[in-house]
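Biologist: I'd like to walk through this one with you, piece by piece. Could you take my questions as we look at it together?

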2 protein chains.
Amino acid sequence: MPELRKDPIVDEWVIIATERGKRPSDFRIQIQPRTQTSCVFCAGHEQETPPEVHLVPPVNGQSEGAPWAVRVVPNKFPALQASGAVHTQAEGLGRLVSGVGIHEVIIETPAHARDLSELSVPSVAAVLATYRHRLRTLGADPRLAYALIFKNQGRGAGASLEHAHSQLIGLPLTPPLIKKELQAARAHYHAHQRCIYCDYLHQEVPGPRLVAQTDGFVALTPYAARFPFEMWVLPRFHQHDFARITDTQTTELAGLLKDVLQRLCTVLGNPPFNYILHTAPFARPQPGHWTTLEQDYHWHLEITPRLSRTAGFEIGSGLRINPTPPEEAAQALREAA
Amino acid sequence: MPELRKDPIVDEWVIIATERGKRPSDFRIQIQPRTQTSCVFCAGHEQETPPEVHLVPPVNGQSEGAPWAVRVVPNKFPALQASGAVHTQAEGLGRLVSGVGIHEVIIETPAHARDLSELSVPSVAAVLATYRHRLRTLGADPRLAYALIFKNQGRGAGASLEHAHSQLIGLPLTPPLIKKELQAARAHYHAHQRCIYCDYLHQEVPGPRLVAQTDGFVALTPYAARFPFEMWVLPRFHQHDFARITDTQTTELAGLLKDVLQRLCTVLGNPPFNYILHTAPFARPQPGHWTTLEQDYHWHLEITPRLSRTAGFEIGSGLRINPTPPEEAAQALREAA
């Protein structure tokens, strides 16, 4: 029988539609040939993007002679405007905040590689350390409440360029979905004096939704997976803010991330996917900015393969229909080692 | 400058990204030729679907000799299971409700027409009256808390068949997004003794976001439009439950709906879109079912063209980026008369 499942953290529901029971092979994607051999994100084309705001030097001679390993540039078509002050006003029943914010592109490799998982572990670690650097740097901008770091890979996931890259959008408000997590985590902490994500890990590891783990990190399919083969990667140790991650931890996380992205490719071909880093908001004394305590949040990465289209039901209800139970997805991903 | 706008009803935000400023012509869709001339939803193929649960007889000889004008059948691949009782249980930090519910397809015409807007006004009215019939009928099923009626038109909006149809999913819980509207509407009613949608209409009509109106109904682009060319159609009179609409009102609404869907085609070609009927939940005495009062909700139809892909930012933040200010969309739609 199908099931309606509530997310363990927030009040979000999903329909696990077992009757539509799709097997991994139903989703296998035909690998698209690369359409290009170089692009504006490749080394040698630096003048075709806005000037970089951050550059990571070559990692142990792995960057094939390029002058950089990771490069961060402002988005040429930013969703928000980098300059200006943040104003807020009522507009009748609506409310308006000036669209001030930061929109950056994190170019993950100087070569024309398409997948983060093709890079070496030190190169993936350099990307993760770049996320940390941007969070630390933008945390000093008093206009920003939050920086959301995410990846769109493949056209079906919203990517317009195939060269491996992630994006960062710094916002003057905490995104609604993050705020829901923060509120739920705080309520749990007040009730139990424990982190809800730590409790969730205790419940899930070991278990039928576990995909892979290292000493410090876990990858699992969430109980109320919204997307077929959705995975969460969490630190096993309590840490609320990704900006606190150590170099050693980035290397360990890079190994696990590369591993689980490769498993996704093994099971599904080369599926379009997004991943999103959920981390603490910038600590701010101002009203209207959600802050968090060290104790009551737990950063994590949510990986969402994009195997089906969002239709009217999802837009209207806020419920997603997932034809693949997360237990089956986890099993397929475990066996893909 | 871009703007962050809060929805007038619920605590949802959108980025109106004026810098990406897309003109209607940037979205114009190449009209797809129909791939078929008949299908399982056409008259004469009735035995290829599950037996109907409801049939509307031909409307004034407009059904081209077919034995029906509108036909309602169970979905062959239902998201929920029609039989069984509703059970709920805790699963660690998660929660489980058995996936019992109703999934129906409303076939809007016996001929192989693709668009509701191609039908005559009496035929569109017959579809709307069918929605009313299903709400009244399913409201008697004590297992259901809500019935969500929606349309997916075009592959980009999640439709798998091109023959004009809508769907209904009856659920054992009130969908989260509807619940947010009900909660916001109730809070407003408690504070002001007025319906928030009636207040919103008072604020918006006349105004720069008005698209079209009749004596009884209004079509407008919402202040915090999540999608380019998103439109809401609302009754000007207060009515919380679509099941209360009269025959005269369905005919008037059908005329306006046909009009605004035709405007959408004139401006954008033949865009994929969804529409979703937001109406009151079934009145239930049980705990856990959200009920509403006659005074504190206002049904409406939300039309969401699907012109861009949902990417990592939207999935992670719950914020949507809309490159077309609703004022510009409304102007283009008004001028498309």
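Biologist: Which residue in β9(B) is the bridge partner of B:Y146?

Modeller: Keep in mind that we're looking at a predicted model. Strands β8 (residues 146-153) and β9 (residues 165-171) of chain B run antiparallel and are joined by 5 bridges. Across that pairing, the partner of B:Y146 is B:L171.

Biologist: Which strands stand at the edges of the open sheet of 10 strands in chain B?

Modeller: Follow the order, which goes β3-β4-β7-β9-β8-β13-β14-β12-β11-β10 with antiparallel pairing. A strand at the edge has a single partner strand, so one side of it is left without a neighbour in the sheet. That is the case for β3 (54-56) and β10 of chain B.

Biologist: And by how much are neighbouring strands of this sheet turned against each other on average?

Modeller: Sticking with that open sheet of 10 strands in chain B, we ignore strand direction here. The average turn between neighbours is 20°.

Biologist: There's another sheet, with strands from both chains. What is its order?

Modeller: One place where the chains join up is β6 (residues 94-98) of chain A with β1 (residues 3-6) of chain B, an antiparallel pair with 4 bridges; there, A:V97 has B:L4 as its bridge partner. The sheet you're asking about is an open one of 5 strands with mixed pairing, and it takes in β1(A) and β6(B). Its order is β15(A)-β2(A)-β1(A)-β6(B)-β5(B).

Biologist: Which residue in β6(B) does B:T88 stand opposite?

Modeller: We're now at one end of that order, where β5(B) follows β6(B). These two pair in the antiparallel sense over 4 bridges. Opposite B:T88 stands B:V97.

Biologist: Why is one side of β15 of chain A left without a neighbour in the sheet?

Modeller: Look at both ends of the order: β15 (320-322) of chain A and β5 (88-91) of chain B stand at the edges. One side of β15 has no neighbour because this strand has just a single partner strand.

Biologist: Which residues of chain A lose the most area to chain B?

Modeller: Start with the contact itself, which takes 72 residues from chain A and 72 residues from chain B. Together the chains bury about 5700 Å², with 66% of it on carbon and sulfur atoms. On the chain A side, 13% of the buried area comes from three residues: A:L4, A:L93 and A:I315.

Biologist: How many salt bridges does the rule find across the interface?

Modeller: Side chains of opposite charge can pair when their charged atoms come close. One case is B:K179 with A:D11, whose closest N and O atoms are 3.6 Å apart, and the cut-off is 4 Å. Across the interface of chain A and chain B, the count is 2.

Biologist: How many residues apart in sequence are the parts tied together by A:R134 and A:E104?

Modeller: Their side chains meet in a salt bridge, at 2.7 Å from N to O. A:R134 lies in helix α2 (residues 121-138) and A:E104 in strand β7 (residues 102-107), both of chain A, so the pair ties together parts separated in sequence by 30 residues.

Biologist: One last thing: which residue does a cis peptide bond join to A:V205?

Modeller: Omega is about -5° for this bond. The partner's place is in the loop between α4 (196-204) and β10 (210-213) of chain A. It's A:P206.

Conventions. Residues are numbered from 1 along each chain as its sequence is written. Chains are lettered from A and ligands numbered from 1 in the order in which they are written. This is a predicted model: local features need pLDDT of at least 70, side-chain atom pairs count only at pLDDT 80 or more; totals for chains, interfaces and linings use all residues. Side-chain values use heavy atoms; hydrogens and water are left out. Contact means heavy atoms within 4.5 Å. Buried area is the accessible area (1.4 Å probe) that two parts lose on being put together, summed over both. Two strands pair if DSSP finds at least two bridges between them. Axes are lines fitted to C-alpha atoms, for helices over the stretch in contact, and angles run from 0 to 180 degrees between N-to-C directions.
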